[in-house]
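Trainee: Please take one part of this model, the main nonpolar core, and go through it closely. I would like to see what builds it and what lies around it.

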Amino acid sequence: MTLELKRIIEAMLFAAERPLSVQEMRTLFAEATDEEQPATVEAFRHVREAQIATALEELKLEWETQPRAFQLIEVAGGWRLVSRSEYAPWLKKLLDEARPHRLSQPALETLSIIALRQPISRADIAAIRGVEVDGVIKTLLERDLITVVGRNEKVPGKPLLYGTTQRFLEHFGLRSLDDMPKADELRQQAAALRTAEEQTVRSQEPSAEPGKTYEGKTQNPTPTD
Amino acid sequence: MESDYKVKLEVFEGPLDLLLYLIKKEEVDIYDIPIERITNQYMEYLSLMQLLNLEVAGEFLVMAATLMYIKSRMLLPADQQVTDTEADEGEDPRWELIRQLIEYKKFKETALQLARREAEQANLFPRAGDSGLPVDRKQAPLAEVSIFELIAAFHEVLKKAGAREDFREIYEERFTVSDKIEEILYSLRDRTEIRFGELFAESASRAEVVVTFLALLELIRLKRLRVRQPEPFGEIYVIKVP
């Protein structure tokens, strides 16, 4: 009996309770042992990641073109089997009570900030939102959407720094943080602001002419010389 | 007598939300906010909130002061601008606020798109169901040590803290259970277990010991941590639930 690589992967995806990455699947092939069919297991021992990736693409296409109730999606750095959205009405009835509630607007805003500016302290999040965020942070921690990733040692009080989790990516169906809406724009803005601040500090000498202009609608606070 | 209960205003969670709303309603350019008009509107809204006996958070009042300050600076001729620091010189007094509003607005838009993704995602059901918690965590036993043993250990720590207090300066510090929860989790970030006593090593006061203990109980309740005691009446260990 010969087994097809694609079908073994199908079985893995079927049994997995979380997204499986290509690397994880390769490890499964490399480390599997079996007394009943040792030769077959051995035959797949050295499967390469590229072969797994190809098989995944084939499976994805197969399930898209056949009349199936499920599909293969790429999420949180891995692959996962999920039902197609048109079957949601019945599955919701079946499972929804166990599902956590949707997130509130403040929670979504706070998550957006953390996702794009991590690692970030509570104070910095509060500065962006203009309101205190303690309650929201607590909820997000409890739901395992964010986690403490360290402390800012440079600031008095060494505040805790937060970042998003794997669970966050899964919850929103994101492949990675680069998948975040406006990811580039909002990250670049942070970088640009930091540079601007550094330059301001450096150019605090008499260079600026007092009260040169204030009607300019410039987005850039650098004084024009 | 007026009723004591206050409604929390959900629509405008903070002053920035209110400002963005006013900017949209007045159809003005966010890069060129007519500060006097917006300030007046903002103040009107604040008094309305107070009139309706809505809870006005402190942040709204801070923003009111900021708006007034910007307004007063805008009234000065350009060559008489008073600035806080030299770095401010030549800068539009509105700039800092505008920058903040634009940044916040972008994050609000991102949040909106996340909400959309969340809704889409809620229609896709993974194979093993989805309760929001990893399966192994749900099955973790509550605690392998009885609550009485925990309380006994806590009592020991508390006694030591009481003795320690005499030699220390007492700081006016407030500890919250949620802060302590994070601290405990953080101290377990790259190891799987910690001795019970170590959790309190940095606690300076009885109050802090009590709050730390409450945090520990909460974490056990949430099944994030377990406790075990290898020998009867011996050392208690706190273990992270994977």
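Mentor: The answer starts with the core, then follows the strands and helices that lead away from it, and ends with confidence.

This is a predicted model, and the predictor gives the complex an ipTM of 0.70 and a pTM of 0.61. Some context on the two chains comes first. Chain A has 225 residues, of which 24% are buried, and its secondary structure consists of ten helices and five strands. Chain B has 242 residues, with 22% counted as buried; eight helices and three strands make up its secondary structure. Taking contacts between residues at least 6 apart in sequence, the share that joins residues at least 24 apart is 51% in chain A and 66% in chain B.

The largest nonpolar core holds 38 residues. Those touching the most other members are Leu111(A), Ile113(A), Ile114(A), Leu140(A), Ile146(A) and Phe168(A). Both chains contribute: α6 (105–117), α7 (122–129), α8 (134–142), β5 (160–164) and α9 (166–172) of chain A each supply at least two residues, and so do α1 and α4 of chain B. Helix α6(A) gives the largest share, seven residues.

Ile146(A) is a useful residue to look at from the inside. Apart from neighbours within four places in sequence, its contacts are Ile114(A), Leu140(A), Leu141(A), Tyr162(A), Gly163(A), Thr164(A), Thr165(A) and Phe168(A). Of these partners, Ile114(A), Leu140(A) and Phe168(A) are also listed among the core residues that touch the most other members. A second core, separate from this one, has 21 residues, including Phe154(B), Leu199(B), Val209(B) and Leu216(B).

The strands come next. An open, antiparallel sheet of three strands runs in the order β3-β5-β4 in chain A. At its edges are β3 (120–121) and β4 (146–151), each with a single partner strand, so one side of each has no neighbour in the sheet. Ile146(A) falls within the range of β4(A). Five bridges link β4(A) and β5(A) in the antiparallel sense, and in this pairing Val148(A) sits opposite Tyr162(A). Tyr162(A) is thus met twice, as it is also a contact of Ile146(A). On the other edge, β3(A) and β5(A) run antiparallel and are joined by two bridges, with Ser121(A) partnered by Leu161(A).

Chain A has another strand pair, β1 (residues 70–75) and β2 (residues 78–83), which is antiparallel over six bridges. Phe70(A) has Ser83(A) as its bridge partner in β2(A). The two strands form a hairpin with two residues between them, and Ala76(A) in the turn has a positive phi of about 45°.

On the chain B side, α1 and α4 lead from the core to helix α3(B), since both are among the elements that cover the buried residues of α3(B), along with α2 (35–51). Helix α3(B), residues 58–75, has 18 residues and spans 26 Å from first to last C-alpha, close to the 26 Å expected at 1.5 Å a residue. Its buried residues are Phe60(B), Met63(B), Leu67(B) and Ile70(B). Viewed down the helix axis they lie within an arc of 80°, so they line one face of α3(B). The other side carries exposed residues, among them Leu61(B), Val62(B), Ala65(B), Tyr69(B) and Leu75(B).

Confidence in chain B is uneven. The mean pLDDT is 76, with 73% of residues at 70 or more. Helix α4(B), one of the contributors to the core, has the highest mean in the chain, 91, while α5 (residues 135–139) has the lowest, 36. Residues 1–10 of chain B stay under 50 and have nine contacts beyond four places in sequence. Residues 130–143 are also below 50, with 21 contacts in the model beyond near neighbours in sequence.

Methods:
Residues numbered from 1 in each chain as written. Chains lettered and ligands numbered in written order. Predicted model: local features only at pLDDT ≥ 70, side-chain atom pairs only at ≥ 80, totals over all residues. Helix = DSSP H or I, 4+ residues; strand = E, 2+ residues; numbered from the N terminus. Buried ≥ 20, exposed ≤ 12 C-beta atoms within 10 Å, placed from the backbone. Contact = placed C-beta atoms within 7 Å. Expected span 1.5 Å × (residues − 1). Arc of directions from axis to C-beta. Core = buried A, V, L, I, M, F, W, Y, C linked by C-beta atoms within 7 Å. Pairing = 2+ DSSP bridges. pLDDT = per-residue confidence, 0-100.
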